[in-house]
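Subject: Handover of a structure for your study

Dear colleague,

Please find below the structure that I am handing over to you. I would ask you to look through it once and then to read the notes that follow.

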Amino acid sequence: MTRVVTRKYMYQRNSGAGMGTVRWCVYLVVLSAMVAADLVNDCVLVGGEQKSAIDQAVLAKLAPLKNKRFEIEIQEDTGTYTYTFVVCGKVLTNGSTNEGLLQTKKPASTTEKENNIVIGRINETHVINGTDWILLSYRGGDKYDNHCGSEPRKAMIMISCNKNTLADGFMAIKEERSKSNECFYLFEMDSSVACPPEESHLSVGSILLIVFVVLIAVYLIGGFLYQRFVVGAKGMEQFPNITFWQEFGNLVADGCDFTCRSRPRSTDTTYRGVGDDQLGEEPEERDDHLLPM
Ligand SMILES: *[C@@H]1O[C@H](CO)[C@@H](O)[C@H](O)[C@H]1NC(C)=O
Ligand SMILES: *[C@@H]1O[C@H](CO)[C@@H](O)[C@H](O)[C@H]1NC(C)=O
């Protein structure tokens, strides 16, 4: 056994196969990290050259939602508006203005043209998170005409933890534009990405229990195979260490007898009396009938 292991190890060392595997693993890890980073790269965080590691970690949480598209239609006095939100992606396929959240006014008549207004752009993304929510905001939207000091529009999307869905319930909450600045459009949605990381539900006790059950299974199956194919046992003999376990069973029974019985055995026998003997004979008779010969 030892010799085989040693030779294998020598082989790996000599041929350099071990090192090669390690290098490939490193390549794979780096590659997948690059892919993951690329997934959210389209969202450019505000805050200048110096990037916050936490902001980027929060953004990375949104990776499963990347390029997912959500729509909500809202009826207002001035018309019907559709808000389209794409997570770190552009709304329009031919879009070149980084529009991440777009308002589309439905034409009231056939002569009127569809009117798009960019609420927020993905190249001006901001993220904040708490224990069970992520607030994603897109800034740098089209400027207000005369509200809010003609500042650029801004979209805020509040993503709340919901374990049961990857992304659902996209809703427009309100448009705040009665102030002279710092106006915003507020949206909300549910997603499991906003949930706190789940801790393992397995306690030490249950892990030990699982290990114990697995060990018993390995013992039973391994012992069975050994008894059957190596020793050549048949029937009950195939169980591993059958004599030991039978002996053990007897010991346990004795122990139980000793500890659990409240009445001495002798009184038990007298108590059973005649009826028991009859009962004992009956099944024997029945058995005889069942015998094939
Ligand atoms: C974001 O993109 C828009 C449209 O392409 C551009 O006008 C704006 O300057 C960009 N913002 C930043 C901060 O680069
Ligand atoms: C926000 O997200 C980061 C990155 O995933 C995480 O480390 C941090 O604990 C989160 N903040 C809260 C308050 O949960």
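**The surroundings of ligand 1**

The shell around ligand 1 holds no nonpolar, four polar and two charged residues. In this classification Ala, Val, Leu, Ile, Met, Phe, Trp, Tyr, Cys and Pro are nonpolar, Asp, Glu, Lys and Arg are charged, and the others, Gly among them, are polar. The members of this shell are S96, T97, N98, R121, N123 and E124; a residue is near a molecule if one of its heavy atoms lies within 4 Å of it.

Please note that this is a predicted model, in which local features need pLDDT of at least 70 and side-chain atom pairs count only at pLDDT 80 or more, while totals for chains, interfaces and linings use all residues. Residues are numbered from 1 along each chain as its sequence is written, chains are lettered from A and ligands numbered from 1 in the order in which they are written, and side-chain values use heavy atoms, with hydrogens and water left out.

Three side chains make polar contacts with ligand 1, a polar contact being a pair of N or O atoms within 3.5 Å. An N or O atom in the side chain of N123 is 2.3 Å from an oxygen atom of ligand 1, and for the side chain of N98 the corresponding distance to an oxygen atom is 3.0 Å. A nitrogen atom of ligand 1 lies 2.9 Å from a polar side-chain atom of E124. The protein buries 44% of the 360 Å² that ligand 1 exposes when taken alone; accessible areas come from the Shrake-Rupley method with a 1.4 Å probe, and for residues only the protein chains shown count as cover.

**The surroundings of ligand 2**

Around ligand 2 are A57, V58, K61, N129, G130 and T131. Of its accessible area on its own, 360 Å², the protein covers 51%. By class, this shell has two nonpolar, three polar and one charged residue. Helix α3 (residues 53–61) supplies the largest share of the shell, three residues; helices (H or I, at least four residues) and strands (E, at least two) are DSSP runs, numbered from the N terminus. A polar backbone atom of G130 is 3.4 Å from an oxygen atom of ligand 2.

**The protein chain**

How many helices and strands does the protein chain have? There are six helices and eight strands, and from the N terminus on they run α-α-α-β-β-β-β-β-β-β-β-α-α-α. An unreviewed UniProt entry annotates residues 21–40 and 202–226 as "transmembrane region"; such annotations may be inferred rather than shown by experiment. The span 202–226 is 92% helix and 0% strand, and its end C-alpha atoms lie 33 Å apart.

Of the 293 residues in the chain, 25% are buried, that is, under 20% relative accessible area. The chain exposes about 21000 Å², of which carbon and sulfur atoms supply 59%.

**Two buried residues**

Is G100, in strand β3 (residues 99–105), buried or exposed? G100 is buried, because its relative accessible area is 0%. Not counting residues up to four places away in sequence, G100 touches nine residues' worth of neighbours listed as T84, F85, V86, G89, V91, G120, R121, I122 and Y138, where contact means heavy atoms within 4.5 Å.

T84 belongs to strand β2 (residues 79–86) and counts as buried at 5% relative accessibility.

Yours sincerely

Key. Polar contact = N/O pair within 3.5 Å; in protein donor to acceptor, adjacent residues only side chain to side chain. Buried < 20%, exposed > 50% of the residue type's maximum accessible area, 1.4 Å probe, protein only.
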